Amino acid sequence: MPAPASRSADPPILVVTDVAARLVRRGLLTPADAAGGWRSARVIVFRSGPVVCDPPPGTRGIETRCVDLSRGRSYVSAAPMTLALYNTLTRRVEPFAPLAPPRVTLYTCGPTVWNYAHIGNFRTFLFEDLLRRYLVYSGYDVFHIMNLTDVDDRTIKAAAAAGKRLEEHTAPFVEAFFEDRDYLRITPAHVYPRATQSVPAMVRLVERLLERGVAYKGEDGSIYFAIAKFPTYGRLSRLDTRELKVGARVASDEYAKDDPRDFALWKKAEPADEQVGAAWDAPFGRGRPGWHLECSAMSLEQVEKCCRTETLDLHAGGVDLIFPHHEDEIAQSEAATGKPFARFWLHGEFLNVRGTKMSKRFGNFLTARDLRDQGVDAAAVRLLFWQTHYRKALDFTDEALAAAGAGVKRLGEFYARLGEGDGGKGDGDLATLAARFEADFRAALDDDLNAPRACAALFQLVHEGNAALDAKARGAAAARGVLDRAMTVLDVLPTAKTADTELEGWIRERIAARDKARKSKDFREADRIRAELAGRGVEIEDTPSGTKWRLV
Ligand code: AMP
Ligand code: ZN
């Protein structure tokens with residue numbers, strides 16, 4: 001039987017085995033769990049590469065025996081890594097395993113900064129945030145790259161219309177994007193390469209393609225990709241089942257769907273480009289990159305720099321990017337490197353308004369700042385989006401947003417109640433409910449990021465947990481710990497409202513006046529003060545340790 005590996009006085013940790021110690025260090029098991037008779041620590045076992053938990057001989061890492069000496073019992077604790085994701089490349093839900101665990105490389109196509117991003121764009125960025133956060137929760141070490149498209153047909157047109165240089169026009173929208181990202185609690189990517197700052201990598205990529213004979217200069221002076229020279233073109237969007245009209249050419253970044261003509265890698269500089277400063281010298285002629293080329297060049301450059309590889313583990317975006325954008329990214333990258341470009345392709349469905357895609361073009365859009373200015377809690381937007389699977393279209397309505405807001409409030413109240421519960425015992429009904437929730441939560445997200453199911457489990461916990469709290473159940477601290485962990489993924493607790501010093505002083509004075517009234521049995525005055533506080537959004541609660549207040 002293994003001996004205790006370490007003891008620590010504060011908090012009391014009984015680390016029962018080497019294995020448990022290692023799990024605690026890696027954040028896969030809390031010290032409380034390790035001390036409290038844990039049963040279902042998640043042991044991440046990679047099929048190749050490092051193994052997090054030492055498996056006993058012969059078990060191939062599926063089972064790990066850990067012993068809780070405090071109880072003299074032993075548990076078989078095991079859960080193999082089971083995250084599965086829908087891969088657009090294969091049209092199947094497949095077990096996910098990165099190339100070099102525990103590292104995961106993730107590239108997500110970022111915003112085109114010609115204007116403010118709308119919440120349709122942010123539905124895609126939020127789905128990517130869920131993916132990123134759940135990978136981290138699952139023990140992976142994620143490197144996330146998101147580009148900023150600051151030169152393309154749209155940005156050039158918008159800058160010209162505003163009478164500005166490209167950089168001058170896009171800079172405020174880049175700033176606005178970061179502000180909106182922070183408002184929506186989206187975890188920042190590790191790098192945000194900008195197209196205009198990555199032109200040398202784009203020029204090198206075009207040269208590589210020219211050398212390999214898969215690119216050619218058209219009579220218009222632009223450089224095109226020769227689809228006929230890349231036999232697997234169309235694999236992602238399944239173009240092979242449709243009629244291919246190769247040979248014709250298209251220069252626009254957004255050519256019509258289903259139109260698989262040779263696409264422009266490098267567009268010869270036009271006077272309109274020169275006017276806004278969107279032209280660069282290159283050995284094959286002065287011009288500017290095509291949008292598809294930008295993403296290939298930036299992703300390859302960054303993934304090579306960070307992780308010395310030319311293959312991404314994951315590449316994601318909205319469904320409208322499958323064709324032509326991602327198809328063209330694959331063609332350019334693989335034709336240049338001779339290696340698979342990305343192993344998993346994930347695509348999020350649209351945010352719609354009455355059945356139509358939210359889009360600047362249709363004028364049916366709302367920006368993140370519109371919501372922020374209306375006082376909408378970002379947690380409500382997140383919960384609203386999580387309640388529909390990322391591969392299903394979601395119709396945006398004010399009613400659905402308000403309902404999500406109410407859900408967030410209920411969750412916040414439950415969380416606050418847990419904070420007032422018992423002082424840290426691992427046992428009790430609440431701990432059991434939370435452990436069941438955690439298992440459901442993981443099973444749901446492991447299943448192609450099924451966030452609606454994870455949210456259903458969350459609100460079941462709120463419902464049953466409230467009843468358990470009413471019945472004075474124990475285990476609140478353990479339950480709060482489980483919720484904290486789940487919130488590192490969903491992040492849907494209400495944004496804490498803060499009072500300025502003046503308001504805080506007033507609240508304290510009113511609470512003191514109410515206490516005085518209650519002591520002298522003037523309950524009418526006490527009720528009046530409670531109503532006065534409520535009128536300014538202050539909710540109070542009398543507890544054995546005094547009156548507590550919060551802003552609602
Ligand atoms: P853009 O700024 O136009 O390059 O788009 C940024 C991201 O938003 C891309 O991944 C698009 O697929 C995505 N997107 C655009 N419109 C919507 C929408 N209505 N719902 C969800 N995602 C969208
Ligand atoms: Zn892209």
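In this predicted model, an oxygen atom of ligand 1 is found 3.0 Å from an N or O atom in the side chain of N121. Two further side chains approach ligand 1 through polar atoms: that of T124, where an N or O atom is 2.7 Å from a nitrogen atom of the ligand, and that of D320, where a polar atom lies 2.4 Å from an oxygen atom of the ligand. The table sets these contacts side by side.

| Side chain | Atom of ligand 1 | Distance |
|---|---|---|
| N121 | oxygen | 3.0 Å |
| T124 | nitrogen | 2.7 Å |
| D320 | oxygen | 2.4 Å |

How much of ligand 1 does the protein bury? Taken alone, ligand 1 exposes 490 Å², and the protein buries 94% of that area. Two elements, helix α3 (119–137) and strand β14 (312–318), each give two or more residues to the shell around the ligand, and α3 gives the most, with four residues. The shell holds 18 residues, of which T112, T124, D320, L351 and M358 come nearest to ligand 1. Sorted by class, the shell has six nonpolar, eight polar and four charged residues, and T124 and D320 appear both among the nearest residues and among the side chains with the distances listed above.

A second site holds the zinc ion (ligand 2), which is coordinated by C109 (SG), C295 (SG), H325 (NE2) and E329 (OE), at distances of 2.1 to 2.8 Å. Why is the arrangement of the four donor atoms called irregular? The angles that these donor atoms subtend at the zinc ion run from 72 to 130°, whereas a tetrahedral arrangement would need all angles to lie between 85 and 135 degrees. For comparison, the ideal angle for four tetrahedral donors at a metal is 109.5 degrees.

Along the sequence, the donor residues of the zinc ion follow the spacing C-x185-C-x29-H-x3-E. Because C109 sits in the loop between β7 (103–108) and α3, while C295 belongs to helix α8 (residues 291–307), the pair ties together parts that are 186 residues apart in sequence. Both of these cysteines, C109 and C295, are buried.

A last detail concerns R382, which has its place in helix α11 (residues 378–386). Is R382 buried or exposed? With a relative accessible area of 0%, R382 is buried, and its side chain is joined to the side chain of D129 by a polar contact of 3.0 Å.

Conventions. Residues numbered from 1 in each chain as written. Chains lettered and ligands numbered in written order. Predicted model: local features only at pLDDT ≥ 70, side-chain atom pairs only at ≥ 80, totals over all residues. Heavy atoms only, no water. Near = heavy atom within 4 Å. Polar contact = N/O pair within 3.5 Å; in protein donor to acceptor, adjacent residues only side chain to side chain. Areas by Shrake-Rupley, 256 points an atom, 1.4 Å probe, with all protein chains shown as cover. Nonpolar A, V, L, I, M, F, W, Y, C, P; charged D, E, K, R; others polar. Donors = N, O, S within 2.8 Å, 3.2 Å for Na, K, Ca; no water. Tetrahedral: all angles 85-135°; square planar, octahedral: opposite > 155°, others 65-115°. Buried < 20%, exposed > 50% of the residue type's maximum accessible area, 1.4 Å probe, protein only.
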